Amino acid sequence: MKTIVAVFLLVWGCQGLDNNLQNVNKWLGTFLTPTNKRSTHCKTEKQELGKCVKISECMDRNEIDLEKMDVYRQLSCHYLKTCCPSSRLVKTGTVTPPPMPEKKAGCGWSNPGGYTFRDSSNTHAEFGEFPWMVALMRKVNQNQVWDSKDYLGGGTLIHHSVVMTIAHKLMNISNDPLLIKCRLGEWDTQNTNEIYTHQDRDVSKILVHEQFSSALLANDVALIITSSPFDLTDPHVGIACLSFNEPKMHASCFSMGWGKDFNNNDKYAVWLKKVPLPIVDHGTCEYALQSSRLGSKFRLHNTLICAGGRKNFDTCTGDGGSSLACRTSSDGASPRYSVYGMVSFGVDCGTELPAGYTNVASVIRWVTNKFAEENLDVTFFA
């Protein structure tokens with residue numbers, strides 16, 4: 001019996017290592033929960049005795065190698081930690097921590113702190129790749145633990161106290177600001193080993209577009225005002241740029257979120273997903289959606305744009321409100337993005353049908369007017 005179990009585990013483990021990163025959540029997710037039970041003691045590559053700590057807790061500024069996620073079980077430390085020699089540990093009050101990386105000024109910068117990662121995957125975002133990404137969560141309690149059933153959807157930080165999202169997502173909480181909180185800087189939902197921690201903020205006010213239609217998903221936009229500002233000195237968080245124009249057909253665009261992964265039995269994503277999406281013109285999209293269960297009478301409202309249409313590359317349930325961001329900087333330059341849309345609706349997940357996204361260009365005047373009414377500085381233009 002022991003031999004059979006051993007062979008089964010060996011085969012299963014090898015299959016896991018052979019899986020590509022598109023299915024990494026499927027085989028790796030079961031190993032995330034027990035990480036806190038691992039020993040904190042380790043040996044460095046030079047065989048020095050050390051301790052598994054966050055990168056920021058070690059005077060040696062090593063790179064985070066996200067490719068190690070694929071060999072997770074072979075590491076002595078969690079893939080987001082490093083084995084730091086005891087003599088190099090940062091001690092509060094006695095040793096000056098390593099300096100914070102300098103951030104780029106302005107909105108829309110990917111990885112604004114400029115710290116180094118190595119990652120060959122295109123299936124999940126790197127830490128800090130989309131620093132404006134906000135998770136909207138039911139305010140059940142002050143517990144920091146992530147529970148997928150409390151995750152409402154995504155949002156975009158456009159001011160240190162303002163999150164932009166879709167209006168219909170907030171119907172789940174009856175637009176009550178007391179029932180929701182915003183989380184900025186999240187990445188791996190199952191632990192807190194990231195270099196820099198996430199930030200949670202309560203909500204004081206919700207502003208919904210006066211012409212929002214839940215039937216047509218027209219003007220599907222809302223602004224969430226937080227009770228206190230986010231701390232944007234952290235190097236992994238920042239404000240998004242918004243665009244007055246619609247994206248070009250050849251633009252390099254992505255969406256993201258922690259919604260359901262249709263490639264992984266519809267389980268909610270552990271890491272922030274990163275989905276490459278082509279832009280689809282209005283007429284082509286409307287015609288394609290008319291062939292679906294929406295029917296031949298379906299009309300795509302002019303406050304919506306479309307993206308997607310590639311099989312197995314799609315946003316899904318739970319991703320509503322997340323940004324559709326397209327790169328505006330040229331190749332070779334530091335990546336910078338503008339937000340052109342927000343995930344609004346789709347027909348199934350992962351099919352060859354494009355999905356609908358709130359057209360930011362069509363609602364941006366409303367956004368700027370609300371900023372003026374709230375006496376807020378406009379921070380979301382490049």
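Two strands are taken to pair if DSSP finds at least two bridges between them. By this criterion, three strands of the predicted model form an open sheet in the order 1-2-4, and the pairing is antiparallel. Strand 1 (41-43) and strand 4 (81-85) are the edge strands. Each of these two pairs on one side only. Neighbouring strands of the sheet are turned by 50° against each other on average, direction ignored. Strand 2 (residues 49-54) pairs with strand 4 in the antiparallel sense, over five bridges. Cys52 has Cys83, in strand 4, as its bridge partner.

This sheet belongs to a protein with four helices and 21 strands. The protein has 382 residues, of which 53% count as buried. Among contacts with a separation of 6 or more, 71% come from residues 24 or more positions apart. The protein exposes about 17900 Å². Carbon and sulfur atoms supply 50% of that area.

Helix 3 spans residues 282-290. Its buried residues are Cys285, Glu286, Ala288, Leu289 and Gln290. Several strands contribute to their cover. Included are strand 17 (279-280) and strand 18 (304-308). Strand 20 (337-345) and strand 21 (354-359) also take part in covering these residues. At the start of the helix, Asp281 makes a polar contact: one of its side-chain oxygens reaches to within 3.2 Å of the backbone nitrogen of Gly283.

Aromatic side chains were examined next. The structure holds eleven aromatic pairs. In one of them, the ring centres of Phe130 and Trp132 lie 5.8 Å apart, with the planes at 65°. Planes over 60 degrees apart count as edge-to-face, so the Phe130 and Trp132 pair falls in that class. Both partners are buried under the 20% cut-off: Phe130 has a relative accessible area of 4%, and Trp132 has a relative accessibility of 0%. The rings of Phe371 and Phe380 give another edge-to-face pair, because their planes stand at 90°. Their centres are 5.1 Å apart. Phe371 and Phe380 are buried as well.

Phe130 and Trp132 also belong to an aromatic cluster. The other members of this cluster are Phe254 and Tyr337. Tyr337 carries the number at which strand 20 (337-345) begins, and strand 20 is among the elements that cover the buried residues of helix 3.

Definitions and conventions. Residues are numbered from 1 along each chain as its sequence is written. This is a predicted model: local features need pLDDT of at least 70, side-chain atom pairs count only at pLDDT 80 or more; totals for chains, interfaces and linings use all residues. Side-chain values use heavy atoms; hydrogens and water are left out. Buried means under 20% relative accessible area, exposed over 50%, partly exposed in between (1.4 Å probe, protein chains only). Contact means heavy atoms within 4.5 Å. A polar contact is a pair of N or O atoms within 3.5 Å; within protein, one must be able to donate a hydrogen and the other to accept it, and residues adjacent in sequence count only if both atoms are side-chain atoms. Axes are lines fitted to C-alpha atoms, for helices over the stretch in contact, and angles run from 0 to 180 degrees between N-to-C directions. Accessible areas come from the Shrake-Rupley method with a 1.4 Å probe; for residues, only the protein chains shown count as cover. Rings of Phe, Tyr and Trp (its six-membered ring) pair if their centres lie within 6.5 Å; planes under 30 degrees apart count as stacked, over 60 as edge-to-face and the rest as tilted.
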